Amino acid sequence: MPKLRFPDGDVWDVQEGSPAYDVVRRLSEKLLKSAVCVRIGGVLKDLSAPIETVSDEPVEFYVVTEKDKEALDVLRHSASHIMAAAVMRIFGKENVKLAIGPSIEEGFYYDFDLSAAGGLSVERLPEIEEKMKEIVAEDSPFVAERMKKSDAYNLFKELKQTYKLELLDEMEDEEVTVYRSGEFVDLCRGPHMGSTGRVEHFKLLSVAGAYWRGDEKREMLVRVYGTAFFKKEELEQYLKKIEEAKWRDHRVLGKRLDYFSFHPDIGAGLVLWHPKGALVRHIIE
């Protein structure tokens with residue numbers, strides 16, 4: 001029978017295979033409502049993850065809430081899955097090849113091969129956002145499924161997700177995790193939020209190109225960047241900060257103040273000083 005040790009030093013015996021959310025509920029119904037995931041023996045796991053015996057000694061058990069640093073990564077990674085699901089609904093499953101979609105310091109991104117769909121422009125981001133809101137409203141649970149790597153390979157082969165097959169080829173584990181939310185399926189370690197309905201405050205920011213695996217000899221993919229926060233006010237503050245940064249962008253100010261300019265024939269990043277800008281530089285030096 002698994003033994004769990006809590007931050008206050010208490011040790012509980014729990015039923016083998018019982019989901020983590022049962023343990024959290026025993027601690028507090030209020031805590032369960034604010035829980036994002038759990039940390040068991042130092043490893044982040046979904047609230048639905050089964051509690052398993054790993055040793056005769058008690059294993060550290062911690063409930064991760066919005067206040068914890070890890071929680072934002074879980075939220076944003078969940079948002080990347082929702083965005084990918086939205087892209088597939090808009091362009092059609094047969095026209096979208098999924099690459100990777102991690103959380104990053106300022107938000108998240110997902111890389112897509114959309115060559116069959118004719119690509120994606122920044123003008124379509126509002127459309128994707130609206131489809132994401134539909135998926136959030138559906139409140140579909142994020143369901144983790146452990147399966148043999150060979151079974152996962154057959155699954156993604158059937159789905160014609162060639163980039164996932166390449167990732168599976170490189171994995172040494174005999175078992176992998178597949179996540180489902182509604183009709184969306186992805187190869188992922190997790191953890192995720194309990195359901196899509198818990199990802200409410202997000203914004204898609206930009207579109208860029210990215211080579212698969214960072215190799216210029218490989219396929220050029222479409223990378224969509226976004227961000228997400230637990231609170232609407234936090235998202236609004238972040239977006240305001242971005243706008244202020246754009247206003248202070250030296251490339252914009254240089255042109256507006258007639259200080260300097262750039263020219264592609266000269267070379268990226270090489271400044272052409274105008275008289276006023278040259279004077280400012282001379283004074284500073």
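**View 1. Glu138 and Arg89 join helix H4 to helix H3.** In this predicted model, a salt bridge brings together the side chains of Glu138 and Arg89, with 2.8 Å from N to O. Follow the chain and you will see that the two partners come from distant parts of it: Glu138 belongs to helix H4 (residues 125-138) and Arg89 to helix H3 (residues 69-91), with their positions 49 residues apart. How exposed is each partner, Glu138 and Arg89? Glu138 is partly exposed, at a relative accessible area of 41%, and Arg89 is also partly exposed, at 29%. As a general reminder, side chains of opposite charge can pair when their charged atoms come close.

**View 2. Glu145 and Arg180 form a salt bridge.** Here the closest N and O atoms are 3.1 Å apart. Glu145 sits in strand E9 (residues 143-148) and Arg180 in strand E10 (residues 175-181), so this pair ties together parts of the chain that are 35 residues apart in sequence. Glu145 is partly exposed, with a relative accessible area of 32%. Arg180 is partly exposed as well, and its value is 30%.

**View 3. Glu285 pairs with Arg281.** Now look at another salt bridge, in which the closest N and O atoms of Glu285 and Arg281 are 3.0 Å apart. Is Glu285 buried or exposed? Glu285 is exposed, because its relative accessible area of 69% is over the 50% cut-off. Arg281, on the other hand, is partly exposed, with a relative accessible area of 40%.

**View 4. Five charged residues share a network of salt bridges.** Which residues are linked here? They are Glu166, Glu170, Arg213, Arg218 and Glu219. If you would like to go hunting for others, the count for the structure comes to 20 salt bridges.

**View 5. Cys37 and Cys188 are not in a disulfide.** In general, a disulfide is a covalent bond between the sulfur atoms of two cysteines. How many disulfides does this structure hold? The number is zero. For Cys37, the nearest cysteine sulfur is that of Cys188, and it lies 12 Å away. Cys188 is likewise in no disulfide, its nearest cysteine sulfur being that of Cys37. A pair would need sulfur atoms within 2.5 Å to count as a disulfide. Cys37 is buried, with a relative accessible area of 0%, and Cys188 also counts as buried, at 10% relative accessibility.

**View 6. The whole chain puts the close-ups in context.** Step back and you can find nine helices and 15 strands in the protein chain. The C-alpha trace spans about 80 × 45 × 35 Å along its principal axes. Of the 285 residues in the chain, 39% are buried. Among contacts with a separation of 6 or more, 63% are made by residues 24 or more positions apart. The accessible surface of the chain comes to about 16500 Å², and carbon and sulfur atoms account for 51% of that area. Finally, think of the charges as two groups: the chain has 42 positive and 52 negative charges, and the mean positions of these groups are 4 Å apart.

Methods
Residues numbered from 1 in each chain as written. Predicted model: local features only at pLDDT ≥ 70, side-chain atom pairs only at ≥ 80, totals over all residues. Heavy atoms only, no water. Helix = DSSP H or I, 4+ residues; strand = E, 2+ residues; numbered from the N terminus. Buried < 20%, exposed > 50% of the residue type's maximum accessible area, 1.4 Å probe, protein only. Contact = heavy atoms within 4.5 Å. Areas by Shrake-Rupley, 256 points an atom, 1.4 Å probe, with all protein chains shown as cover. Lys, Arg positive; Asp, Glu negative; His and termini not counted. Charge placed at Lys NZ, Arg CZ, Asp CG, Glu CD. Salt bridge = Lys/Arg side-chain N within 4 Å of Asp/Glu carboxyl O.
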